Every structure is written in structure tokens, then in C-alpha cells.
Amino acid sequence: MSLRKYLTSRVFLIQVILVVLIIAVLGYLFMHWLTFTTDHGNEITVPNLSKLTEEQVDDKLDNLDLNYVLLDSVDYKSNFPKYSVVQQDPLPGEKVKEGRKVYIKINSSGFSSVKVPDLIEKTYREAAPTLKALGLEEGTITYVPNLGKDMVLEMRYKGRNIKAGDKVLKSSKIDLVLGDGKMSYEEEIKTDTINPTEEMPDEQ
């Protein structure tokens with residue numbers, strides 16, 4: 001049989017149809033296998049874990065077939081319960097696959113203590129960012145007569161004077177006493193009466 005006759009024969013047509021069917025079936029099976037192995041279309045919405053304890057996180061994620069990893073604790077935040085979740089990754093509402101790990105950071109048990117920096121005779125412009133960098137807050141600002149304008153003269157905490165090196169809790173408010181740039185005292189102008197010098201009589 002010539003090639004031309006074979007290509008137009010019924011046998012060749014049946015073989016072509018069989019090949020196409022086999023390719024289609026294999027493609028269909030491959031797509032289903034790929035969907036199964038990647039868990040495509042079976043995504044889980046990450047819940048909001050904020051302010052939950054580690055035990056509550058474990059229960060909640062276990063029900064969703066998700067896992068968690070505790071990364072670290074963060075500086076104490078007063079608006080979160082102790083040992084509760086402060087940060088999470090992925091964020092709430094994101095879609096993830098089954099078995100995905102959610103990374104969390106929890107609140108510490110309380111404020112840690114820091115040493116009060118030496119701000120005496122520094123300007124307010126220097127003192128404010130120094131307090132902030134240490135996790136302290138600026139409290140009440142009081143001005144008193146002093147030549148050093150905006151110069152820190154005293155540091156106070158809860159009404160008492162403190163000095164550099166004293167320990168206070170983070171987020172504590174440090175009150176500052178600053179100079180107002182004026183004289184610390186007023187000179188009183190006195191009009192002195194100048195008495196003429198009395199000449200002593202010459203002794204002879």
C-alpha cells in the first residue's frame with residue numbers, strides 16, 4: 001500500500017483518533033494530579049489571631065489544618081493582654097494552602113526597665129528624641145527663670161526628682177524642667193546717695 005493510500009485509509013484515521021483520545025485522557029489525568037498535589041482551589045482563609053493566647057491560637061489553627069510558629073515576644077503593649085498575639089504573618093484574610101505555617105509574635109508580660117539618660121544641661125531638642133529612642137515618653141514641660149533657654153535643668157518622675165542612671169519602666173513619662181532664657185534673678189537698681197568726701201582738717 002502506497003503512503004498516499006495509507007494516509008487516506010480508514011485504519012490511519014482510526015489510529016489518529018485513538019492517539020488524540022489518549023492525549024486528551026492523559027492531559028485530563030495530569031491536570032487532576034496537578035490539582036491534587038498542589039491543593040489548588042482548596043485554600044484556607046487565615047483568621048485574625050490578634051489578642052489571642054498561644055493556646056487559643058493552637059486550637060483555632062488546628063481546626064483549620066494550619067500550623068503556627070512562635071517567633072519572639074515584643075516590647076509590652078498596654079493595649080494588648082499579656083502573652084497575647086501582637087503580630088502575625090500571613091495577615092488575617094489572606095488565602096493559604098492547608099498545612100501552612102502562620103508566624104506570630106506575642107506581647108511580653110510587662111514593661112522592661114531602662115536607665116534614665118543624662119539630659120541635664122542638654123537642650124530640649126536633644127532631650128526629646130533621646131527619650132523617645134529609649135522607649136520613654138515626654139511628660140510635663142515646666143519653665144523656670146534661667147539664662148539657658150530650653151536647657152534641661154531637672155528631670156522628674158511621678159513628682160520626684162530623678163538623675164541619670166535611675167531605672168524606670170519603658171513608656172514612663174519623664175517631666176522636664178527647662179530654662180526660660182531669662183535671668184534667674186532680677187537686679188535691683190538702687191540709687192546710692194553719694195556723700196561728698198569730707199576733708200579732714202590738716203593737723204598742724
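This is a short conversation about charged and polar side chains in a predicted model.

User: Before we start, what should I keep in mind about the numbering and the model?

Analyst: Happy to help: residues are numbered from 1 along each chain as its sequence is written, and side-chain values use heavy atoms, with hydrogens and water left out. As this is a predicted model, local features need pLDDT of at least 70 and side-chain atom pairs count only at pLDDT 80 or more, while totals for chains, interfaces and linings use all residues.

User: What makes D75 and K170 a salt bridge?

Analyst: The term asks for a side-chain nitrogen of Lys or Arg within 4 Å of a carboxyl oxygen of Asp or Glu. In D75 and K170 the closest N and O atoms are 3.1 Å apart, so the pair meets the cut-off of 4 Å. D75 lies in the loop between β2 and β3 (85–89), and K170 in the loop between β10 (167–169) and β11 (173–179), so the salt bridge ties together parts that are 95 residues apart in sequence.

User: How many salt bridges does the structure hold?

Analyst: Three. Another joins R156 to E154, with the closest N and O atoms at 2.9 Å, and K163 pairs with D166 at 3.4 Å.

User: Why is K163 called exposed, and what is D166 called?

Analyst: Buried means under 20% relative accessible area, exposed over 50%, and partly exposed in between (1.4 Å probe, protein chains only). K163 has 55%, so K163 is exposed. D166 has 21%, so D166 is partly exposed.

User: How do you know that Q88 is buried?

Analyst: The relative accessible area of Q88 is 11%, so this residue is buried. Q88 lies in strand β3; strands are DSSP runs (E, at least two residues), numbered from the N terminus.

User: What makes the approach of Q88 to P90 a polar contact?

Analyst: A polar contact is a pair of N or O atoms within 3.5 Å; within protein, one must be able to donate a hydrogen and the other to accept it, and residues adjacent in sequence count only if both atoms are side-chain atoms. The side chain of Q88 reaches the backbone oxygen of P90 at 3.1 Å, which is within the 3.5 Å limit. A polar atom of the Q88 side chain also lies 2.8 Å from the backbone nitrogen of L49.

Technical notes
Helices (H or I, at least four residues) and strands (E, at least two) are DSSP runs, numbered from the N terminus.
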